[in-house]
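Colleague: Could you take a close look at one part of this model for me and then walk me through its surroundings? I would enjoy a connected account that I can follow on screen.

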Amino acid sequence: MVAISEVRGQLPNIKNLGSGLVAVFVGGTSGIGLSTAREFTRYATAPHIYLIGRNEAQASEIISELRAVNQSATVDFIKSDISLLKNVDTTCREIAQKESKVNLLFLSAGILTTQGRTETTEGLDRKLSLHYYARMRFADNLLPLLNQAASSDRLARVVSVFSPGNEGKLIEDDLDLRSNYSLSNAAAHGCTMTSLYMAQLAAAHPNISWVHSRPGAVNTNVTRDFNPLLRGLTSALFVLTPLLSSVGLISVKESGERHAYAATSPLFAPRVKGVDTVGADGAKGSGAYRVDYDSSIVKAKSELVKGYLSSGVGKKVWEHTRDMYAKATGN
């Protein structure tokens with residue numbers, strides 16, 4: 001565990017990463033994404049912040065807030081329903097037309113739902129698309145800009161906020177769960193494929209670091225698709241946050257601080273830096289890290305992840321993901 005006092009003591013070092021950092025927050029208009037964008041903006045020097053989301057009215061208020069937090073910041077909003085991969089592509093093209101580099105890609109868009117498989121017009125389950133396919137599509141699309149940032153020996157990092165430590169057995173002949181869908185299978189597949197895919201990205205792009213983060217229980221609007229009774233019960237639970245912090249219940253502010261730390265700390269450096277932090281494949285400094293809500297390395301399910309990587313299942317997930325891209329977008 002990294003004490004929150006240590007995290008807060010390290011955040012001012014973000015200014016040492018240089019002026020003009022470009023950070024893209026997918027899901028940045030609420031919850032953990034917004035809280036992390038707020039902390040990143042607070043400490044960065046003349047950053048350019050992109051907020052990707054659906055709520056334009058809310059985004060306008062957030063832009064004003066972030067500019068007040070840091071008057072040197074430039075903040076832009078791109079409206080997009082990123083459950084559709086074609087919209088992800090459009091959003092990435094818009095960013096690429098404006099920027100020559102991206103230093104940070106922060107992915108936190110998602111939903112917590114009790115509904116079963118709900119397909120998008122592209123044939124993907126909406127939950128799996130938001131939590132996995134769309135996120136990895138952002139990463140793949142923005143790789144040229146991330147590599148450009150890395151070529152100048154500057155911050156180049158991708159953070160996906162989901163649930164390392166909750167990986168599970170994959171149904172290898174039905175990775176998109178067209179025939180075996182359940183909420184538990186969707187959660188396990190999205191989580192496991194994220195860890196495997198990011199580990200392979202780290203090997204292929206050793207100048208970029210990759211963080212799969214488990215936020216713990218944070219009181220956000222992720223339950224918006226619940227019925228009113230379940231939303232009320234969930235909200236009541238967070239009243240107990242100060243009493244239950246030992247089991248991973250933390251405030252949105254602390255989560256934002258810890259994720260800004262995960263997004264910038266040299267502990268989670270790219271493979272080429274050779275740091276001592278243990279990566280997702282079990283090797284030190286591998287460039288892909290599974291990070292817990294308290295900023296420590298997740299140990300649960302590490303053997304499962306390593307086993308899948310060493311046995312070729314990771315490669316199968318890679319090929320499957322590319323196939324799903326092609327089916328959804330035509331390329």
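What is the relative accessible area of Ala 46, and is Ala 46 buried, partly exposed or exposed?

Modeller: Happy to, and please keep in mind that this is a predicted model. Ala 46 has a relative accessible area of 27%, so it is partly exposed. To find Ala 46 on screen, go to the loop between H2 and strand S2, which spans 48–53. The backbone there deserves a look: although Ala 46 is not a glycine, its phi is positive, at about 50°. As background, a negative phi is what most residues other than glycine have.

From that loop you can step back into helix H2, residues 31–43, where Glu 39 has its place. Glu 39 has a relative accessibility of 2%, and because buried means under 20%, Glu 39 counts as buried. The side chain of Glu 39 is joined to that of Arg 42 by a polar contact of 3.2 Å.

Ala 46 has a counterpart further along the chain. Lys 301 is not a glycine either, yet has a positive phi of about 65°. Lys 301 sits in the loop between strand S9 (288–291) and helix H11 (302–311). With a relative accessibility of 39%, Lys 301 counts as partly exposed.

Now for the helix with a bend. Helix H5 covers residues 126–141 and has a kink of about 35°, with Tyr 133 at its centre. Of the 16 residues of H5, 14 are buried, so the helix is largely enclosed by the rest of the structure. At the start of H5, look for Asp 125: one of its side-chain oxygens comes to within 3.3 Å of the backbone nitrogen of Lys 127.

Next, turn to a pair of strands. Strand S5, residues 157–161, pairs with S6 in the parallel sense, over 5 bridges. One of the residues to pick out is Val 161, whose bridge partner in S6 is Ser 213. S6 itself runs over residues 209–213 and is mostly covered, with 5 of its 5 residues buried. Both faces of the strand are covered: Ser 209, Val 211 and Ser 213 are buried on one side, and Trp 210 and His 212 are buried on the other.

Ser 213 also leads you to an enclosed space, since it appears in the lining of the largest cavity together with Arg 214, Arg 258, His 259, Ala 262, Val 291, Asp 292, Tyr 293 and Ser 295. The structure holds 1 cavity of 30 Å³ or more, and the space in the largest cavity is about 50 Å³. Helix H10, residues 252–264, gives the largest share of that lining, with 3 residues. By class, the lining of this cavity has 3 nonpolar, 3 polar and 3 charged residues.

To finish, there is an open space to visit as well. The second largest pocket holds about 280 Å³. It is lined by 15 residues, and those closest to its centre are Asp 153, Arg 154, Leu 155, Pro 270 and Lys 273. The lining of the second largest pocket has 8 nonpolar, 3 polar and 4 charged residues.

If you return to the starting point with all this in view, Ala 46 is the partly exposed residue in the loop that follows on from H2 towards S2, and its positive phi of about 50° is the backbone feature to inspect.

How values were computed: Residues numbered from 1 in each chain as written. Predicted model: local features only at pLDDT ≥ 70, side-chain atom pairs only at ≥ 80, totals over all residues. Heavy atoms only, no water. Bend = angle between axes of the 7 residues up to and from the residue. Helix = DSSP H or I, 4+ residues; strand = E, 2+ residues; numbered from the N terminus. Buried < 20%, exposed > 50% of the residue type's maximum accessible area, 1.4 Å probe, protein only. Polar contact = N/O pair within 3.5 Å; in protein donor to acceptor, adjacent residues only side chain to side chain. 1 Å grid on protein atoms, 1.4 Å probe; cavity = no way out; pocket = protein on both sides within 12 Å on 5 of 7 lines; lining within 4 Å. Points joined across faces, edges and corners; volume = space filled by probe spheres on them. Nonpolar A, V, L, I, M, F, W, Y, C, P; charged D, E, K, R; others polar. Pairing = 2+ DSSP bridges.
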